[in-house]
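Open the model in your viewer and keep the sequence panel in view. Each stop below says what to select and what is there.

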Amino acid sequence: MKLTFAGTGSAFCTAADNFQSNMILETTNTDTGKLARMLIDCGTDARHALHHLGLWPKDFDAIYVSHLHSDHIGGLEWIALSNYFIFNQHRVDLYVVDELIDPLWEHSLRGGLEVSDRGDRKLDTYFNVKPLSATGTFDWHDAHITILPVDHIVAEEGKMLSYALFGQTPSNRFFITTDAIFDPDAHMGYYRKADIIFQDCELGPRRSGVHAHYDELKTLPDDIKAKMWLYHYPAYAKPDAVADGFCGFILPGQSFDLA
Ligand SMILES: [Zn+2]
Ligand SMILES: [Zn+2]
């Protein structure tokens with residue numbers, strides 16, 4: 001199993017050589033023996049990020065949605081319409097937690113997708129919707145994946161969760177935090193269990209309060225930092241993460257073997 005970062009940038013990253021933090025998980029389809037490919041989040045610039053890697057919407061079997069910010073779902077209309085009209089109605093399994101399905105359609109996608117060739121289109125016109133329990137697990141070929149609700153925005157008026165992934169392959173345990181605040185109490189159990197951690201990390205003088213900041217992550221125990229890779233960073237100059245005990249900042253296009 002291989003994980004490739006189509007981009008490693010934040011929502012607002014405008015670096016010419018980077019894209020939003022969407023990932024591609026590849027493994028062998030346990031039924032057909034062919035390559036299976038899952039896109040983990042599909043942001044507004046996925047069109048360019050995937051083209052950069054030579055991939056098209058038809059090249060994916062599955063998409064996972066972590067939360068509804070546009071750097072994670074803004075490319076779904078493009079995927080839906082491309083597959084429906086250009087790629088012979090190629091259907092992708094859309095893995096998304098129950099709580100997000102209605103808002104994903106009603107608040108994000110319906111405006112652009114309800115009327116296409118007919119006026120009664122729904123989310124399942126375009127995708128094989130695979131509802132997931134927000135605290136459940138699912139199996140995708142040789143990966144057993146646990147969904148972890150993590151705090152992303154905590155405001156007096158409300159809270160926005162993101163749905164992180166803890167994956168187990170026959171020989172590897174990986175933790176993808178997705179967008180999350182610095183919350184070591186909530187995450188430490190998974191930090192400890194994981195062989196490799198892919199960690200949301202913001203940089204720079206402004207702390208948004210909705211992502212873990214590099215200076216906060218530096219306070220983690222050395223043994224955790226030693227298996228932690230950093231992504232979802234803005235286009236600031238990067239500190240020397242290796243000198244600070246991390247594995248480093250992930251570069252756009254970088255792949256990890258999770259077999
Ligand atoms: Zn994001
Ligand atoms: Zn977000």
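Select K2 in this predicted model. K2 has a relative accessibility of 38%, so this lysine counts as partly exposed. Now add E26 to the selection: K2 and E26 form a salt bridge, with their closest N and O atoms 3.8 Å apart. K2 belongs to strand 1 (residues 2-5) and E26 to strand 2 (residues 23-28), so the bridge ties together parts that are 24 residues apart in sequence. E26 has a relative accessibility of 14% and therefore counts as buried, because the limit for that word is under 20%.

Stay with salt bridges and go to K225 and D222. Their side chains meet at 3.9 Å, N to O. Both residues are in helix 8 (residues 222-225), and because they are 3 residues apart, about one helical turn separates them. Is K225 buried or exposed? K225 is buried, with a relative accessible area of 6%. D222, on the other hand, is exposed, at 61%. Before leaving this topic, add R37 to K2 and E26: salt bridges that share partners join these three residues into one network.

Next, select R121 and D117. Here the salt bridge has an N to O distance of 3.1 Å. R121 is buried, with a relative accessible area of 12%, while D117 counts as partly exposed at 43%. How many salt bridges are there in total? The count comes to 12.

Now display helix 4, residues 98-113. Look along its axis for a kink of about 45 degrees, centred on L104. L104 is also one of the buried residues of helix 4, as are L100, I101, W105, L109 and L113. Show the surroundings of these buried residues, and you will find what they pack against: helix 2, helix 3 (76-86), strand 5 (92-97), helix 5 (123-126), strand 6 (127-132) and strand 9 (158-169).

The last stops are the metal ions. Select the zinc ion (ligand 2) first. Which residues coordinate this ion? H67 (NE2), H69 (ND1), H152 (NE2) and D179 (OD) do, at 2.1 to 2.3 Å. Along the sequence, these donor residues are spaced H-x1-H-x82-H-x26-D. Two of them come from distant parts of the chain: H67 lies in the loop between strand 4 (62-64) and helix 2 (70-73), and H152 in strand 8 (residues 143-155), 85 residues apart. Colour these two by accessibility: H67 is buried at 0%, and H152 is buried at 1%. Why is the arrangement around the ion irregular? The 4 donor atoms subtend angles of 91 to 164 degrees, and this makes it irregular.

Move to the zinc ion (ligand 1). Its donors are D71 (OD), H72 (NE2), D179 (OD) and H232 (NE2), at 2.1 to 2.2 Å. Their spacing in sequence is D-H-x106-D-x52-H. D71 and H72 are both buried. This site is irregular as well, because its 4 donor atoms subtend angles of 91 to 162 degrees.

Finally, keep both ions on screen and select D179. D179 bridges the zinc ion (ligand 2) and the zinc ion (ligand 1). Draw a distance between the two ions, and the viewer should give 3.6 Å.

Conventions:
Residues are numbered from 1 along each chain as its sequence is written. Chains are lettered from A and ligands numbered from 1 in the order in which they are written. This is a predicted model: local features need pLDDT of at least 70, side-chain atom pairs count only at pLDDT 80 or more; totals for chains, interfaces and linings use all residues. Side-chain values use heavy atoms; hydrogens and water are left out. Donors are N, O and S atoms within 2.8 Å of the metal (3.2 Å for Na, K and Ca); water is not among the atoms, so sites may look incomplete. Four donors count as tetrahedral if all angles lie between 85 and 135 degrees; four count as square planar and six as octahedral if opposite donors are over 155 degrees apart and all others between 65 and 115; anything else is irregular. Helices (H or I, at least four residues) and strands (E, at least two) are DSSP runs, numbered from the N terminus. Buried means under 20% relative accessible area, exposed over 50%, partly exposed in between (1.4 Å probe, protein chains only). A salt bridge is a side-chain nitrogen of Lys or Arg within 4 Å of a carboxyl oxygen of Asp or Glu. The bend at a residue is the angle between axes fitted to the seven residues ending there and the seven starting there. Contact means heavy atoms within 4.5 Å.
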